[in-house]
Amino acid sequence: MAQRRPASEPDAIDEAARILAAGGLVAFPTETVYGLGADATNASAVARLYAAKGRPAFNPLIAHVDGRSAAHALARFDAAADKLAAAFWPGPLTLVLPKGAGCPVAELATAGLDTIAVRVPAHPIAQALIARLGRPVVAPSANRSGHVSPTTADHVLADLADRIDLVLDGGPSPVGVESTILASLGGEVALLRPGGLPREAVERALGRAVSTANEAPGAPDDEAPLAPGMLASHYAPRAALRLDAREIRPGEALLAFGPELPPGAALAASVLNLSARGDTVEAAANLFSHLRALDRDGAHSIAVMPIPREGLGEAINDRLARAAAPRR
Ligand code: TXA
Ligand code: MG
């Protein structure tokens, strides 16, 4: 059984770093979602991590480091990558770059690719843990493969209690959706996954538009997507999701957005509002915990009100579309 410790306890970070150094698995908060960490340089720890999540080994992991100089030891940065790192690290941005020559990250963690995903998380607990270990930490979202990402220690335990060594509890993750993934390869910057850093901020920093490289959710060709974890049916709750709902059907639960509820809302099996004031930042922070809560209530179907696509709305709509996609 996983031990759970408030990250604020005096020796909690030390113990977590010791467990990682010994090849164990530690879940920890980041500003986006909780990650399941392993020592990135330890191939058997990485193998244990894939097994704990039930994650296919063709799906590579993000290497987390505590700053830009540590990131330069893993990957080759071009001018655009340097600009993005300077503007947004630490923060909810992952860069996919050519793997550096002396990169110490285990081959398994990058699934045999010649690229590597690197991120510098902003959360102080993540920062402290990585600094204490003194090595890169691979950390996928701390959920079983295919489930909704966790934004609290409770979510982590619900999925992984019997498969990991420790959860550092640092309260809810403030951003609530995973990092934005950008690839900077061969002079092109492409958006592989919309996430906690809005596209608009990226385009402002670069002074140009970025292309969208990942397949549309549900697209037939997601056998080999660019961010291999972005399969259409990822992030699936048990209940069916009905998107852009403008009325509620009998027996449905309602995932609302904004001050005005649609017709039939009073009869909904249960109602949670992502943001009663219609704020996409607040909605992102609530998205995964509200989905988990409505799913736990046992509704067969969750009606989801329309959510604007600007700012964090792009990531929210992406995750909802994946949660609504047919299961495989
Ligand atoms: O916010 C986040 O990014 C969280 C926290 C814990 O940092 N982590 C996270 O990891 O979401 P994960 O493993 O759930 O999602 C990482 C995504 C996957 O879709 C994976 O396929 C993609 O990043 N990825 C990793 N390495 C890649 C690479 N070299 N090229 C393309 N995509 C890559
Ligand atoms: Mg994930």
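**View 1. Strand 2 and strand 3 form a hairpin, with four residues between the two strands.** The model shown is predicted. Strand 2 covers residues 26–29 and strand 3 covers residues 34–39. The two strands pair in the antiparallel sense, over four bridges. One pair to pick out is valine 26, whose bridge partner in strand 3 is glycine 37.

**View 2. Strand 3 is covered on both faces.** Tyr34, Leu36 and Ala38 point to one side, and each is buried. Gly35, Gly37 and Asp39 take the other side and are buried as well. In a regular strand, side chains alternate between the two faces of the sheet. With six of its six residues buried, strand 3 is largely enclosed by the rest of the structure.

**View 3. Strand 3 also meets strand 7, running antiparallel to it.** Two bridges join these strands. Alanine 38 has valine 138 of strand 7 as its bridge partner. Valine 138 belongs to a strand that spans residues 137–138. How buried or exposed is valine 138? Its relative accessibility is 0%, so valine 138 counts as buried. Leaving aside neighbours within four places in sequence, valine 138 is in contact with Leu36, Gly37, Ala38, Ala40, Val46, Leu49, Leu61, Ile62, Ala63, His64 and Ala109. For scale, arginine 322 is 184 residues from valine 138 in sequence. In space the C-alpha atoms of these two residues are 24 Å apart.

**View 4. Eleven strands build an open sheet with mixed pairing.** The strand order is 1-8-2-3-7-4-6-5-9-10-11. Strand 1 and strand 11 (211–212) stand at the edges. Each has a single partner strand, so one side of each is left without a neighbour in the sheet. Elsewhere in the order, strand 5 (residues 93–98) pairs with strand 9 (residues 180–185) in the parallel sense, over four bridges. Within that pair, valine 96 has alanine 183 of strand 9 as its bridge partner.

**View 5. Helix 6 lies across strand 1, strand 2, strand 3 and strand 8.** The helix runs at about 165 degrees to strand 8. Helix 6 spans residues 153–160 and is mostly covered, with six of its eight residues buried. The buried residues are Ala153, His155, Val156, Leu157, Asp159 and Leu160. Their packing partners are strand 1 (3–6), strand 2, strand 3, helix 2 (43–53), strand 8 (166–169) and helix 8 (280–296).

**View 6. The largest nonpolar core holds 52 residues.** Leu36, Phe77, Leu84, Trp89, Leu95, Ile164 and Val167 touch the most other members. At least two residues of this core come from each of strand 3, helix 2, helix 4 (79–88), strand 5, strand 6 (115–119), helix 6, strand 10 (188–193) and helix 7 (199–206). Apart from it lies another core, of 25 residues. Among the members of that other core are Val33, Val148, Ala239 and Ile307.

**View 7. Four strands make up an open sheet with parallel pairing.** The order is 12-15-13-14. Strand 12 (240–242) and strand 14 (271–273) are at the edges, each with a single partner strand, so one side of each is left without a neighbour in the sheet. On average, neighbouring strands of this sheet are turned by 20 degrees against each other, direction ignored. Strand 13 (residues 253–256) and strand 15 (residues 301–304) pair in the parallel sense over three bridges. Leucine 255 has valine 304 of strand 15 as its bridge partner.

**View 8. Arginine 242 lies in strand 12.** Its relative accessibility is 16%; below the 20% cut-off, arginine 242 therefore counts as buried. Which side chain makes a polar contact with the side chain of arginine 242? That partner is glutamate 252, at 2.8 Å. Not counting residues up to four places away in sequence, arginine 242 touches Glu247, Ile248, Arg249, Glu252, Ser301, Ile302, Ala303 and Val304.

**View 9. Residues 215–225 have pLDDT under 50.** Over this stretch the model has 12 contacts beyond four places in sequence. Where pLDDT is low, the predicted coordinates should not be read in detail. For the protein, the mean pLDDT is 93, and 93% of residues reach 70 or more.

How values were computed
Residues are numbered from 1 along each chain as its sequence is written. Chains are lettered from A and ligands numbered from 1 in the order in which they are written. This is a predicted model: local features need pLDDT of at least 70, side-chain atom pairs count only at pLDDT 80 or more; totals for chains, interfaces and linings use all residues. Side-chain values use heavy atoms; hydrogens and water are left out. Two strands pair if DSSP finds at least two bridges between them. Axes are lines fitted to C-alpha atoms, for helices over the stretch in contact, and angles run from 0 to 180 degrees between N-to-C directions. Buried means under 20% relative accessible area, exposed over 50%, partly exposed in between (1.4 Å probe, protein chains only). Contact means heavy atoms within 4.5 Å. pLDDT is the predictor's confidence in each residue, from 0 to 100. A polar contact is a pair of N or O atoms within 3.5 Å; within protein, one must be able to donate a hydrogen and the other to accept it, and residues adjacent in sequence count only if both atoms are side-chain atoms. A nonpolar core is a set of buried Ala, Val, Leu, Ile, Met, Phe, Trp, Tyr and Cys residues joined through side-chain atoms within 4.5 Å.
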